[in-house]
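Q: I am new to this structure and would like a close look at one part of it. Could you walk me through one strand and its partners, and then show me how the rest of the chain looks around them?

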Amino acid sequence: MPRRMLVVTSALGLLLGLLVPPGSVSAWAGTTASAQAGASVRSGGSVYSGGAARAGAPSQVVTSKRARAGVSETGVQAGAPSASSGTEAAGGEYVPLPPTRIVDTRSGLGTAKAPLGESASRTFHITGAAGVPLSGVSAVVLSVTATDASTDTWLTVWPSGESRPTVSQLSVTAGNMEANTVIAKIGAGGDIEVFNRFGRVNVIFDVQGYFTDSTVTTSGGTFVAVSPRRIYDTNLSGRAPLVGGEIRDIQATGLGGVPTSGVSAVAVNLTVYDPTVNTSLQTFPSGGSQPGVSTLQASAGQIASALAQVKLGAGGKISVRANSGQMRLIVDVEGYYLDSAQGGRDLYVPLSPRRIYTSSTDLAAGETRAIQISGAKDVSGNVVVPSTGVTSVVVSVTAVQPAARGIMIGWPAGQPKPVAQMLSYNVADNNVTGTAILALGTGGKLNIYSSAASGLLIDVQGYFESAHTPDLAFSFEGGGGEISYLGGNGARGWEQARATNIGTATAHGARFTFQMPPDAFPGASTDSDPAWDCDFSTSTWVCETDRDIPPGGSAFFNLYPYFPAGTVGDTRTVTGSVSTSTLERSLANNGGTTTFTYVVPPPGDIRLYGIGVVGGVTQLRANFEFDLAAAVDIYGGSPMENVSVRVPLPATVEPISIHPVSVQDGSEDANWTCRFNDAAHDRFAECTRPFWDVGTHGMSMRMKLKVNAGTPDGPLSFTATASSSTPDASVENSTATTAVAYVAQGTITGHVWLDVDRDGQRDADEPIAMDSVGKINVVPESGQLPWGQDLLSTNTFTGRYWGDLPPGRYTVVVYLDSGSTVQFTTPDQGDDATDSDIITRISDYWNPRGLSAVVEVRDGAEPAVDVGLLPQS
């Protein structure tokens, strides 16, 4: 399934201590507002410590902390107008930029030189500044800073031309400098709007990058979320604390799931622990110019976190600089952006910010809560995040009134909790907000962990969706394996190369490419699905297919490389990759490696996996010819010498022919020599070969046999046994047995003819007379035949009758029609082969019949009892 992601930025004061008009939300029982006297610069939100109200605080301050955060128990922001659902901007790709200031109301940069007034909005033009194009832009990544606030207040940022949403992106305490990263949708004319709730405040915008719209499809790269991972911590061995004025280069590529190449920027969460003085941090590409703007503000002795989307510099590194003090620095990666050379096609869809979650009960200390993100709606019932096709979302997460100092962690549901954090809070009862980028997990959910008891708010700024493109993910499914140091067939490896389309469109055909060791060879047993066209002529093996691979579908190829003799412990590595003629969403998952290791192989293993009568024959009778086959194969790791497959023959079974047949194609297998031994004391069929290597096709020993009369009635058994002069890994599978039923019986037969010349002999010119006979049956000398078996079959055209009978003594009874005057001719005249054998007549008129003498029926014998009739006189 497509990976799912979610975006969260640690915010300076976002939704912390938000103020609302009086009377809009009832205060929580027992909770009083206070303001911090002498508040200092920090990142992570406005601080409201318990105690007396701050001197000079405006009379409008609402006592409920949750009201200040803009939240009620129903999840509707207090005092804010109802949100317009707005329209989604066209999805686009990310283009990182060097951090650059584009707006400062203190100096008049990019706007009027005047602070924002109370309950006032101001329009700011974004496009065309600091590398942001005039067109083709859907959203901009801004570090939004508020300073010189005359009173506690909060700010909302939204696209120009749309209704002001019911959220805020930044909360501010008077006298402090607060900042937060915001991914802001661009509105009409390339503008955004900023609303200030109380007093006067100056606003600063620093650009980190922008997202294209759908009209620009190859200028940037798309985001790939990772489960948050820590890539840098000054507390680790050998690393010193970060100190003011120092530029610390931090490796980003090749760590935490970030590829070593093809990456343009990373999304990282920066955390500072206990700086010795108030300070700020700047982030920028390694080797690049130090920007004049800050990413994070931190107060002495506290924790501060902030998201930064940083363009990569030399060697895949980013640089971090602290202005002053000494501190612990942690860097956690949340994802990365592919560069324009990559085929990534997940596009960002910015929104006018909308709230999707308000906790009705606080998270307990140490609790993890799963939050449904895909398909989430706002309080008006509008779908904010589509239920399908979304790979990640950008959210602001607020810890509401945490009970103690601590952290929050966000990660995809269904995955282990990472050692990483998305926001931190310092003093009990302070609201703190962060923005993060995280993959959505199982069921489209996100896990949120809080180390201290806390309420929770989640506001969506936008989401990433899969463009309608294929994405072939390559994997080796066999996991490599052990191969024989003896080489040859014993050093044949096996791997299944698989390409799974995790994208949203069909991939037209696929090509597997395998970089083989120069001494590898395909061998006689390297085969493939007939739909693959392979070239093994060089050390680069290429296999192609023209079959389409639909979304969710896969194609696989069974790879059978052979290797020469080697040294125990040596390895052979095979690199594989898949490609398609169709533009893919991502190329980062198109390859893999597998390793084969030389070992001392176990002994070979001859396996007899069947012996049986061919053709569905279930019964044998005297003089019956039938085919018997014994199938044998070799397994294990070593070849075997002087291999023999032998089937003893019962005394009554006569050999006719024997052939060794390949189980691969049914042809004669010239590696085997077969014979019959017909000595009276040792009768058997046998096939032998002097050397049998592993990985060679099996053999079917095909025998044509004849069963003779005198075989005991019942099962006739055959046992095949395989043996070798070298050790056999298992003798339990070296024997196979089958049995087929033998039915002992003879056949009574004879002719009915008209003895025209009345000499008791059947002459060649005398006619048949079956139409003068009613029926013919037999009577056993002892016992009774089954019903119907005593009635013999007749043929009026040939004058012949017959019947199959178990061995025994029988009398033949010939019935004439009632009232018939036909007489039986004189028996036993001359030649026994042509005389009549009916010696007794019973009755003259009603049911006249004749009887033969007692006849001995033996297995396989065919005694004749002829019936001669005299013509009417």
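A: Strand β4 (residues 137-147) runs antiparallel to β9, and ten bridges join the two. In this predicted model, one place to put your finger on that pairing is Val 144, which stands opposite Phe 205 in β9. Phe 205 is a handy landmark, since Val 103 also stands opposite this residue of β9. Val 103 brings us to strand β2 (residues 94-104), which is joined to β9 by seven bridges, again in the antiparallel sense. So how many residues of strand β9 (residues 202-212) are buried? Eleven of the eleven are, so β9 is largely enclosed by the rest of the structure.

From here, let us step out to the whole chain. The protein chain has 873 residues, and buried ones make up 54% of them. Its secondary structure comes to one helix and 57 strands, which gives you an idea of how many strands there are to browse. Among contacts with a separation of 6 or more, 80% are between residues 24 or more positions apart. The accessible surface is about 33,200 Å², and carbon and sulfur atoms account for 50% of that area.

Next, have a look at a sheet. Four strands form an open sheet in the order β3-β8-β5-β6, with antiparallel pairing. At its edges stand β3 (120-125) and β6 (170-172); each has a single partner strand, so one side of each is left without a neighbour in the sheet. On average, and with direction ignored, neighbouring strands here are turned by 20° against each other. To see one edge in detail, follow strand β5 (residues 153-159), which pairs with β6 over three bridges in the antiparallel sense. There you will find Trp 154 standing opposite Ser 171 in β6.

Strand β10 (residues 223-233) is another good stop. Nine of its eleven residues are buried, so to speak of this strand as mostly covered is fair under the cut-off of under 20% relative accessible area. Its partner is strand β18 (residues 326-338), which runs antiparallel to β10 and is joined to it by seven bridges. In that pair, Val 224 has Tyr 336 of β18 as its bridge partner.

Loops deserve a visit too. Between β16 (303-311) and β17 (317-322) lies a loop that holds Leu 312. Is Leu 312 buried or exposed? With a relative accessible area of 12%, Leu 312 is buried, because buried means under 20%. Leaving aside neighbours within four places in sequence, Leu 312 is in contact with several residues, including Ala 252, Thr 253, Val 263 and Ile 318. Pro 285 is also one of these contacts. Leu 312 and Pro 285 are 27 residues apart in sequence, while their C-alpha atoms are 5.0 Å apart in space.

Finally, turn to the cysteines. A disulfide is a covalent bond between the sulfur atoms of two cysteines. The count here comes to two disulfides, and they follow the pattern 1-2, 3-4 when bonded cysteines are counted along the chain. One of them is formed by Cys 534 and Cys 543, with sulfur atoms 2.2 Å apart. The torsion about their S-S bond is about 120°, so this disulfide is right-handed. Cys 534 is partly exposed, with a relative accessible area of 25%, whereas Cys 543 is buried at 0%.

Cys 674 and Cys 687 also form a disulfide, and their sulfur atoms lie 1.9 Å apart. The S-S torsion of Cys 674 and Cys 687 is about 110°, so this disulfide is right-handed. This pair links distant parts of the chain: Cys 674 sits in strand β43 (residues 673-679) and Cys 687 in strand β44 (residues 682-692), 13 residues apart. Cys 674 is partly exposed, with a relative accessible area of 21%, while Cys 687 counts as buried at 0% relative accessibility.

Definitions and conventions:
Residues are numbered from 1 along each chain as its sequence is written. This is a predicted model: local features need pLDDT of at least 70, side-chain atom pairs count only at pLDDT 80 or more; totals for chains, interfaces and linings use all residues. Side-chain values use heavy atoms; hydrogens and water are left out. Buried means under 20% relative accessible area, exposed over 50%, partly exposed in between (1.4 Å probe, protein chains only). Contact means heavy atoms within 4.5 Å. Accessible areas come from the Shrake-Rupley method with a 1.4 Å probe; for residues, only the protein chains shown count as cover. Two strands pair if DSSP finds at least two bridges between them. Axes are lines fitted to C-alpha atoms, for helices over the stretch in contact, and angles run from 0 to 180 degrees between N-to-C directions. A disulfide is a pair of cysteine sulfur atoms within 2.5 Å.
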